[in-house]
Amino acid sequence: MTPTTDSRTHLIPDCSARPGDDPIFALNAEAVKRAAAGESVLNATLGALMEDDGTLAVMPVVQEALSGVPFKRGAAYAPIAGESRFLAAVIRDTFGASPLAAQSVAVATPGGTGALHHAIVNLLAPGDALLTASYFWGPYKTLAQHTRRRIETHPMFDAGGHFDTGSFEEALVRQVGSQGRALVLLNTPCNNPTGYSLDERDWAGVVSAVRHATQLGPVSLLLDLAYAKFGAAGADGWVRHVQSLAGDALVLGAWTASKSFAQYGARVGALIAAHPDAEERTRLFNALSFSCRGTWSNCNHTGMLAVTELLENPALRARADGERDRLRTLLDERVAAFNTGAQAAGLRYPRYEGGFFVTVFANDPERVAAAMRDRGVFVVPINGAVRIALCSTPRKDVPRLIEALAKGLAT
Ligand code: PLP
């Protein structure tokens with residue numbers, strides 16, 4: 001919608017014609033309505049991991065940790081930048097034994113969304129564009145628009161189905177040349193919407209591209225780690241690659257408890273920034289803390305204290321890992337069933353080894369999604385593909401999903 005100068009609205013022109021409803025939530029609402037009217041509906045739109053019985057998958061140890069937080073501690077304000085034990089815990093959780101852990105500062109944010117917000121407003125000037133792959137999580141654009149920045153994309157896949165490091169390098173170098181700086185959002189492992197995780201070869205190309213661009217101007221590389229705990233074995237190899245960049249590029253991680261602790265509602269997250277220079281770290285921490293004060297002030301104290309225990313208390317951490325393993329198995333069984341069925345049906349989609357979503361390429365995604373809805377199967381049409389939330393698709397319904405996809409693509 002285009003901005004309006006309509007004198008009947010109190011809203012400033014930029015904000016006077018905002019879309020009211022998130023398209024994914026609108027599709028979900030239709031699915032829920034039709035199911036309530038008695039239809040057999042398969043709702044593969046929403047990004048939360050559901051049990052096979054359709055209820056939200058949760059981790060009981062998280063509830064225990066939340067209720068173990070002394071009421072008067074949780075009820076008090078958290079420090080503006082977040083509890084220092086919490087911040088140290090998420091840095092350790094992200095970088096493990098890597099030297100990056102000792103070179104990091106962090107601030108608490110409401111989920112990964114808050115972390116993305118702070119990166120955008122501190123590392124790009126108004127009018128600048130962030131750079132991300134052509135298949136990206138829609139709110140990247142909302143966050144950029146809302147903060148008066150923009151978004152530019154590069155083609156995500158090359159002809160061989162790999163991450164297109166050539167296009168990435170070209171776009172990054174062009175962008176640093178034109179705006180004097182760049183902020184790259186890289187959502188891996190388990191990209192939303194494609195499910196794709198960068199492999200060793202992709203990472204070698206990304207590191208070399210970023211290194212090249214840093215010779216032209218400052219580059220910040222943000223890893224969106226929303227689904228990191230759901231990657232296939234070895235998906236955490238990214239740390240080894242980015243640590244070679246620290247100092248040349250600013251390495252950032254958007255950490256969140258939403259998926260890793262199945263705790264979407266507590267809004268616990270952090271933005272981590274790694275740099276070998278202590279003065280730069282102080283500047284970063286001060287700027288990010290200022291943004292905390294200037295947006296949400298401070299974050300959910302109870303959630304932050306509970307997640308600290310889940311990360312730092314060995315017994316609770318072991319239980320959390322075990323409960324998460326069960327959730328991973330739930331999802332991995334669906335991923336395996338999808339891969340078997342989709343390959344047999346000849347569907348075209350990127351390498352998919354784990355994660356909440358996968359996309360199947362389609363020439364006319366709107367038409368495919370509409371044809372699938374006629375069969376009671378709800379997926380999200382995006383540019384060049386339909387997005388399927390296997391996280392909310394029961395294992396037994398995967399064959400129905402694939403049949404609907406194959407028929408939808410054939411219409
Ligand atoms: N990044 C990606 C790619 C996501 O899909 C999501 C949530 O769906 C997020 C970040 C942020 O989620 P939250 O703010 O709940 O941590």
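**Two domains and an open sheet**

Two salt bridges are counted between domain 1 and domain 2. The model is predicted. One of the salt bridges in this model joins the side chains of Arg351 and Asp202, with 3.8 Å from N to O. Polar contacts also link the two domains: eight residue pairs, both partners at pLDDT 80 or more. Which elements of domain 1 supply at least two residues each to the side that touches domain 2? They are helix 13 (314-344), strand 9 (357-361) and strand 12 (385-389). Helix 13 gives the largest share, five residues.

Now place the domains on the chain. The domain assignment puts domain 1 at 21-59 + 318-410. Domain 2 covers 78-312. The contact between them takes 28 residues from domain 1 and 23 residues from domain 2. Their C-alpha centres lie 26 Å apart. How much area is buried between domain 1 and domain 2? The value is about 2,000 Å². Carbon and sulfur atoms give 59% of that area.

Next comes the sheet. Seven strands form an open sheet, and their pairing is mixed. Read across, the order is 2-8-7-6-5-3-4. Strand 2 (104-109) and strand 4 (150-154) stand at the edges. Each has a single partner strand, so one side of each is left without a neighbour in the sheet. On average, neighbouring strands are turned by 25° against each other, direction ignored.

Look at one edge. Strand 2 pairs with strand 8 (residues 269-274) in the antiparallel sense, over six bridges. One bridge can be named: Thr109 has Gly269 of strand 8 as its partner. A helix packs on the sheet too. Helix 7 (residues 165-179) touches strand 3 (129-133), strand 4, strand 5 (182-186) and strand 6 (219-224). The direction of helix 7 makes about 180° with that of strand 3.

Last, check the backbone. Most residues other than glycine have a negative phi, and most peptide bonds are trans. Some places here depart from that pattern. The peptide bond from Thr188 to Pro189 is cis, with omega near 0°. Asn192 and Pro193 are also joined by a cis peptide bond, with omega about 25°. Where does Pro189 sit? Its place is the loop between strand 5 and helix 8 (200-214). Pro193 is found in the loop between strand 5 and helix 8 as well. Arg148 is not a glycine, yet its phi is positive, about 60°. Arg148 lies in the loop between helix 6 (139-146) and strand 4.

Definitions and conventions: Residues numbered from 1 in each chain as written. Predicted model: local features only at pLDDT ≥ 70, side-chain atom pairs only at ≥ 80, totals over all residues. Heavy atoms only, no water. Pairing = 2+ DSSP bridges. Helix = DSSP H or I, 4+ residues; strand = E, 2+ residues; numbered from the N terminus. Axes fitted to C-alpha atoms, helices over the stretch in contact; angles between N-to-C directions. Contact = heavy atoms within 4.5 Å. Domains from an automatic or database assignment. Buried area = accessible area lost by both parts, 1.4 Å probe. Salt bridge = Lys/Arg side-chain N within 4 Å of Asp/Glu carboxyl O. Polar contact = N/O pair within 3.5 Å; in protein donor to acceptor, adjacent residues only side chain to side chain.
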